[in-house]
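Reader: I should be grateful for a close look at one helix of this model and at the helices that pack against it. Please state the cut-offs behind each term and then extend the account to other parts of the chain.

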Amino acid sequence: MKVGLKIWRFDAASGDRALKEYELDAPEEATLLDCLDIVKDRHDGTLAYRKSCRMMICGSCGMRMDGAAVLACNTRMYDIAQSGHAPVISAMGNLPIVKDLVVDMEPFWSKFRAVGPWLQPGFDQPADGREYVIPQERMNHIHKESLCINCGCCVSECNAMESDPEFLGPQALAKGMRFVGDPRDATTVERLESYNTEHGIWDCTRCYFCNERCPKGVDPRDAIAKLGAESIKHGVDRDRGARHAKWFVVSAKTTGWLRETELIPKSEGIVSAIKQTRFAFQLARRGKVVPPFPPHVAERVEEARALYDIVKTQGRDGALGIVQGERALSRLEHGQVVDRDPYGEGSFPRPFIPGEQAGPVIVGEAPIQPGRSS
C-alpha cells in the first residue's frame, strides 16, 4: 500500500525545524513504526526516533501523530493510508526535543524518581523464606497502575505540565498510587504527604487527556483521584484542593446538591473569600449567585445521606470506592452476564460506556437499551 507521512525534523545544534514529506510502499499490516523504519532504511538515513521491543511493552516509541500521543508500534496505518490522509508525525510534547522524534527523557525520569517508585515494606522476611500472599481484592487497588510501561504518552498530553513544568505529572503520580495502594508498603502517609505538596496531586487540571492517550489503559487521572481520596481518608487534607473536594462531599450529604456560595470560604479560607467579595457582588447583580439563605435542600436528600452512610459503614471511602466503580464498569464493558437485570423498572439508567454502539445489550435474559446516565 502507498503511505504518505509528514515528519517534523529538528536539529538541536542549529535549531532548524522543518516539515518533510515522504511517500513509501509498505505492507498492509504495517504499523507507524514499520513505516518509519522504511523511511530510515530506504529514503533518509538521518531520521532519528526511538524503538526497541516493537510489541507495546517497552514504551520507547512514543511520539505524536496529528497532535496526539501514540505508540508507533501500536498504530496501524492501513485505514489511514486507504483514506488518503498523510498524518503529521512529531516528537512528544512537554519534553525537550533532542533530534527529530527523540525527546530528552531526563525530566520524565527525575519526576519518576521523586515519587519513590520502590516498595518500602513494613515487615521482616519470614524465617522460612516463604512469600507474603496478598488477597486479590487488595491487589485490585493497583491493577491498572501496575500496567504502566513509562512510555510518556500521558506526560506528552498533560495540560497541567504545559502550564506548570514543575507539576509531578500523570505518570509519576500513577506510579505513586501503585505503591500507596500496595498493602505491603509501610510508608503510605509519608508518600501522601510528599505528593500533597506544591506541584502535586491537587494541581491536576482534570482534562483527562492522559486517560485518553494512555495505550495501556492505566488511566492516570483515575490514579490521581485515588491519591486524593486516600489523602483525605488518612487526614492529609491541608491543601485547598483537598478542602475543595471535602466540601463537595459535605454539601452533597447535607443538602443533596453543591452549595456554591460556601465553596470559596470552605476551600480557600475566610481571608481569600473576603478578598473576592467585590467579584461576588458583581456575580450577584447578574443573578449568578443563589441566595445562601434559606439553604435549598434536594427533594430526596435522604438518598444522598444514605449513600454516604453506606460508604462509611462498608469502609469504601478512599481509593476503594473508585476501584469498585472501575470494576463495575469493566464488567459491563466486557459483556459479563448476570442473573438479573440491574437496570430494570425502578432502577437507575444504564451508564454510558465509551465506544458502545446503539442497540440492545443483553444482560441475563432481558435486552437492555443502552443510554447515558442522567
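Author: The account below begins with the basis of the values, turns to helix α7 and its partners, and then takes up a second helix pair and some single residues.

This is a predicted model, in which local features need pLDDT of at least 70 and side-chain atom pairs count only at pLDDT 80 or more, while totals for chains, interfaces and linings use all residues. Residues are numbered from 1 along each chain as its sequence is written, and side-chain values use heavy atoms, with hydrogens and water left out.

The protein chain contains 16 helices and nine strands; these are DSSP runs numbered from the N terminus, a helix being H or I over at least four residues and a strand E over at least two. Of the 374 residues in the protein chain, 39% are buried. Buried means under 20% relative accessible area, exposed means over 50%, and partly exposed lies in between, with a 1.4 Å probe and protein chains only. Among contacts in the protein chain with a separation of 6 or more, 60% join residues 24 or more positions apart, where contact means heavy atoms within 4.5 Å.

Helix α7 covers residues 170-180. In α7, 11 of the 11 residues are buried, so the helix is largely enclosed by the rest of the structure. The buried residues of α7 include the charged K175 and R178, as well as P170, L173, F179 and V180.

One partner of α7 is helix α3 (residues 106-114); the two axes come within 9 Å and cross at roughly 25°. Axes here are lines fitted to C-alpha atoms, for helices over the stretch in contact, and angles run from 0 to 180 degrees between N-to-C directions. The crossing angle makes α3 roughly parallel to α7, in a scheme where angles under 35 degrees count as roughly parallel, over 145 as roughly antiparallel, 65 to 115 as roughly perpendicular and the rest as oblique. The crossing of α3 and α7 is right-handed; a crossing is right-handed if the near helix is turned clockwise from the far one by less than a right angle, and left-handed if anticlockwise. On the α3 side the contact is made by F108, K111 and F112, and on the α7 side by Q171, A172 and K175. By class, the residues of this contact of α3 with α7 are three nonpolar, one polar and two charged. In this classification Ala, Val, Leu, Ile, Met, Phe, Trp, Tyr, Cys and Pro are nonpolar, Asp, Glu, Lys and Arg are charged, and the others, Gly among them, are polar.

Another partner of α7 is helix α8 (residues 188-195), where the axes come within 10 Å and cross at roughly 160°. Helices α7 and α8 are therefore roughly antiparallel to each other, and their crossing is left-handed. From α7, L173, G176, F179 and V180 meet T188, R191, L192 and Y195 of α8. The contact of α7 with α8 divides into five nonpolar, two polar and one charged residue.

A further helix pair is α11 and α15, which pack at an angle of about 130° with their axes 6 Å apart. That angle makes α11 oblique to α15. V249, A252, K253, T254 and T255 of α11 make the contact with V301, A304, R305 and Y308 of α15. This contact of α11 with α15 has five nonpolar, two polar and two charged residues.

T255 belongs to helix α11 (residues 240-255) and counts as buried at 5% relative accessibility. Leaving aside neighbours within four places in sequence, T255 is in contact with H296, V297, A298 and V301. T255 and A298 are 43 residues apart in sequence, yet their C-alpha atoms are 5.9 Å apart in space.

Helix α15 has 14 residues (301-314), which at 1.5 Å a residue should span 20 Å, and its end C-alpha atoms are 20 Å apart, in agreement; the expected span is 1.5 Å times one less than the number of residues. Just after α15, G315 takes a positive phi of about 70°.

Most residues other than glycine have a negative phi. M56, although not a glycine, has a positive phi of about 60°; M56 lies in the loop between α1 (32-43) and β3 (62-65) and is buried, with a relative accessible area of 18%. N150, also not a glycine, has a positive phi of about 60°. N150 lies in the loop between α4 (136-139) and α5 (153-156) and counts as buried at 18% relative accessibility.
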